[in-house]
Amino acid sequence: MALRIATRLPRLAIVGVVLLLASATLAVGAAKRMAAVPQGAPAPVATPTVTVPDITGQAFVFAKGTLEDAGLAWKVVGSVHGFAANKVAKQSPAAGTKLKDTGAPTITVTLDRTAYAETGEPEDVSPYFGTSVQPIGLPKPTPAPAAVTPAPSPTPAPAPKTAPKTAAKAATRTPDFVVDKAPKEPQDELPLPQRAHLLSAFIASHPKSAANVRHFLYQHSWIVTGAEFGWWHGATALRELIAADQAAAQRWGIGRKSELVARAALAEVEARSK
């Protein structure tokens, strides 16, 4: 029996060595296959940005609305405060600068006085907190146009006997009255009565929120200021605006103070329109 076991020991040893080598080979092959599988790298996340609009030269009531619509905060610096009719003299960063969207990057505004009276309360800061300004690029300078040698003028063709009809020019809104050095009504913007009507519909269809209240106050300021500048049908717009104030008081719990502002403006506009 002992002799039989002794004769089998060499065979068992050989089998064990073979099994050991086989397992090592399998382990090395598995490691190579795992190393060959590429690790999935996370996709790069684009940094949200916002571009600074050009507000230089605008009346402050319009400039601050432009900034708010772009998702930017603002603050007024210098000796001239944020009254609606004052004009933007400087802005920082410059128009076209691309900023990292930190929430509400704060644009610094310097104003100049105009001939129009500084009425109401100045707004030297935006009605919400501003965040840091982190430029991620500078506006590209506009390249100078290349000099082009003018080609010789061709012989003009004879004019047709019947000239084609041109498109009718859009009617210009005429002011209700004229305020010296007040800005003219932008013809590419909504008329004041339509703006006030849309504001009433906005209040009726939207819940109270910080963003919606900002929209309400901005539109309210635009309509009041435009009417005081003598813009087209300002009195009609102010009457609609007073109704919007009353709706805001019922739905949102605000609007009583703004209604007083609108009523005072209506009395002034009616007196000047006579």
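A residue counts as buried when its relative accessible area is under 20%. Gly 65 comes out at 0% relative accessibility, so Gly 65 is buried. The structure is a predicted model.

## Overall fold

The protein has six helices and six strands. Along the sequence they run α-β-α-β-β-β-β-β-α-α-α-α. Of the 274 residues, 31% are buried. Contacts reach far along the chain. Among those with a separation of 6 or more, 77% join residues 24 or more positions apart. The accessible surface is about 18,000 Å². Carbon and sulfur atoms hold 62% of that surface.

## Helix α2

Gly 65 belongs to helix α2. This helix spans residues 60-69. How many of the residues of α2 are buried? Eight of its 10 are, so the helix is mostly covered by the cut-off of under 20%. Phe 60, Val 61, Phe 62 and Ala 63 are among the buried residues. Lys 64, Gly 65, Leu 67 and Glu 68 are buried in α2 as well.

What covers them? The cover of the buried residues includes strands β2, β3 (87-92) and β5 (106-112). Helix α4 (210-228) is also part of that cover. One distant residue can be placed relative to Gly 65. Arg 214 is 149 residues from Gly 65 in sequence, yet the two C-alpha atoms are 9.5 Å apart in space. After α2 comes Gly 71, with a positive phi near 85°.

## Aromatic pairs

A search of the whole structure gives nine aromatic pairs. One of them joins Phe 60 and Trp 74. Their ring centres are 5.4 Å apart and their planes meet at 85°, so the geometry is edge-to-face. Phe 60 is in helix α2, and Trp 74 is in strand β2 (residues 73-77). The pair therefore ties together parts that are 14 residues apart in sequence. Both Phe 60 and Trp 74 are buried.

Phe 202 and Trp 252 form another pair. The ring centres are 6.4 Å apart and the planes are at 85°, so this pair is edge-to-face too. The cut-off for a pair is centres within 6.5 Å. Phe 202 sits in helix α3 (residues 192-205). Trp 252 sits in the loop between α5 (234-251) and α6 (256-273). The pair therefore links parts that are 50 residues apart in sequence. Both Phe 202 and Trp 252 are buried.

Six residues form one aromatic cluster: Phe 62, Tyr 116, Tyr 218, Trp 222, Phe 229 and Trp 231. Phe 62 is one of the buried residues of α2. Trp 222 has a charged partner. The charged end of Arg 195 sits over the Trp 222 ring, 4.2 Å from the ring centre.

## Salt bridges

The whole structure has six salt bridges. The table gives three of them.

| Acid | Base | N to O distance |
|---|---|---|
| Glu 185 | Arg 173 | 2.6 Å |
| Glu 189 | Arg 195 | 3.1 Å |
| Glu 270 | Arg 239 | 2.8 Å |

Start with Arg 173 and Glu 185, whose side chains meet at 2.6 Å. Both residues lie in the loop between β6 (135-137) and α3, so the bridge ties together parts that are 12 residues apart in sequence. Arg 173 has a relative accessible area of 16%, so it is buried. Glu 185 has 11%, so Glu 185 is buried too.

Arg 195 has two roles in this account. Its charged end sits over Trp 222, and its side chain forms a salt bridge with Glu 189. Are these two bridge partners buried or partly exposed? Arg 195 is buried, with a relative accessible area of 8%. Glu 189 is partly exposed, with 31%.

Glu 270 and Arg 239 form the third bridge in the table, at 2.8 Å. Glu 270 is in helix α6 and Arg 239 is in helix α5, so the bridge ties together parts that are 31 residues apart in sequence. Glu 270 is partly exposed, at 31% relative accessibility. Arg 239 is partly exposed as well, at 44%.

How values were computed:
Residues numbered from 1 in each chain as written. Predicted model: local features only at pLDDT ≥ 70, side-chain atom pairs only at ≥ 80, totals over all residues. Heavy atoms only, no water. Phe/Tyr/Trp six-rings, centres within 6.5 Å; stacked < 30°, edge-to-face > 60°. Helix = DSSP H or I, 4+ residues; strand = E, 2+ residues; numbered from the N terminus. Buried < 20%, exposed > 50% of the residue type's maximum accessible area, 1.4 Å probe, protein only. Lys NZ or Arg CZ within 6 Å of the ring centre and 35° of its normal. Salt bridge = Lys/Arg side-chain N within 4 Å of Asp/Glu carboxyl O. Contact = heavy atoms within 4.5 Å. Areas by Shrake-Rupley, 256 points an atom, 1.4 Å probe, with all protein chains shown as cover.
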